[in-house]
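Visitor: Please take me on a close look at one part of this model. I'd enjoy a connected account that begins with a pair of residues and works outward from there.

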Amino acid sequence: MNAVEALRREVAALPRDWHGAGTVGPAALEALQRHASTSGPISHSVETGTGKTTLVLSHLSPDHLVFTQDDTDGGDSLVRVRSSPLLAAARVRFVIGPTQRTLLHHEFEASLDLALLDGPHAYPFPDLEYWAVYPHIRPGGLLAVDDLQIRTIANLFAVLKVDAMWELLEVVEDMAFFRRTTAPAVDPFGEGWWTQGYNHRRARGHLPPAARAGYLARRASQRLVGRWAR
């Protein structure tokens, strides 16, 4: 058993009510460590929300950036994490405040090897967090999305699991793990809804004229590849 695995087991052994904002279970923590260890070197990572995952990620990433609210007397996740002897504090930076402000205005200086989204869950805030983060995740990097049992998060999951940018690795407890593919990223300031897998079923009859030929060519190529693969 290596040092990170031993640390992760210590974190998993903390009680479920270690803080009042809801904690990740042992199986999801194990999957987080496992996928982080197989997604290539972790140099830069980001997380929204904070808790047991922060303790584990502080030992997996030398530069872990956490966007979270100060929930003192309203969950106490931040104070619990910061005061824990299991936190590798020198490797973590906290940005305090609503992610609707802090994350959307943050300028990332390096590509991200790992991102975990577990911030505000009301619509459209999970989508805003995804929009702010996805362009910075490198090919081969890891994206984890927690709390799939909440419908707004399940909606985001439904889009991501059929998007060419992402390979769904697995779902553990209520956390989904994706690997970034080499597919081009959707322009965060553009359009291109017809290129996304979630929209393919309805795209053909509603395409802008300039995009119709390219869309039909891509669909024909996909069908041809599918025939050869059978």
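**From a strand pair to the helix across it**

Guide: Happily! In this predicted model, V171 stands opposite A176 in β7. The pair belongs to a longer match: β6 and β7, the latter covering residues 175–180, are joined by 6 bridges and run antiparallel. Stepping back, these two strands close one end of an open sheet of 7 strands, in the order β3-β2-β1-β4-β5-β7-β6, with mixed pairing. β6 (166–172) and β3 (92–96) are the edge strands, and each has a single partner, so one side of each is left without a neighbour in the sheet. On average, neighbouring strands of this sheet are turned by 15° against each other, direction ignored.

Further along the sheet, β4 and β5 run parallel and are joined by 5 bridges. Here L116 stands opposite A144 in β5. Of the 10 residues of β5, 9 are buried, so this strand is largely enclosed by the rest of the structure.

Now for the helix that spans this region. α2 (residues 26–38) lies across β4 (112–117), β5 (137–146), β6 and β7, and it runs at about 150° to β6. Its 13 residues reach 19 Å from the first C-alpha to the last, close to the 18 Å expected at 1.5 Å a residue. Just after α2, G40 takes a positive phi of about 95°.

Which residues of α2 are buried? They are A28, L29, A31, L32, Q33, H35 and A36. Some of that spacing has a simple background: an α-helix has 3.6 residues a turn, so residues three or four places apart point the same way. The cover over the buried residues of α2 includes the strands β4, β5, β6 and β7, along with the helices α1 (3–12) and α3 (52–60).

That last helix deserves a closer look. Two packed helices are described by the angle between their axes and the distance between the axes. For α2 and α3 the angle is about 25° and the axes are 10 Å apart. With angles under 35 degrees counted as roughly parallel, α2 and α3 are therefore roughly parallel to each other. α2 passes α3 in a right-handed crossing. At this contact, L29, L32, Q33, A36 and S37 in α2 meet K52, T53, V56, L57 and L60 in α3. Among these α2 residues, L29, L32, Q33 and A36 are also on the buried list.

How values were computed
Residues are numbered from 1 along each chain as its sequence is written. This is a predicted model: local features need pLDDT of at least 70, side-chain atom pairs count only at pLDDT 80 or more; totals for chains, interfaces and linings use all residues. Side-chain values use heavy atoms; hydrogens and water are left out. Two strands pair if DSSP finds at least two bridges between them. Helices (H or I, at least four residues) and strands (E, at least two) are DSSP runs, numbered from the N terminus. Axes are lines fitted to C-alpha atoms, for helices over the stretch in contact, and angles run from 0 to 180 degrees between N-to-C directions. Contact means heavy atoms within 4.5 Å. The expected span of a helix is 1.5 Å times one less than its number of residues. Buried means under 20% relative accessible area, exposed over 50%, partly exposed in between (1.4 Å probe, protein chains only). Angles under 35 degrees count as roughly parallel, over 145 as roughly antiparallel, 65 to 115 as roughly perpendicular and the rest as oblique. A crossing is left-handed if the near helix is turned anticlockwise from the far one by less than a right angle, and right-handed if clockwise.
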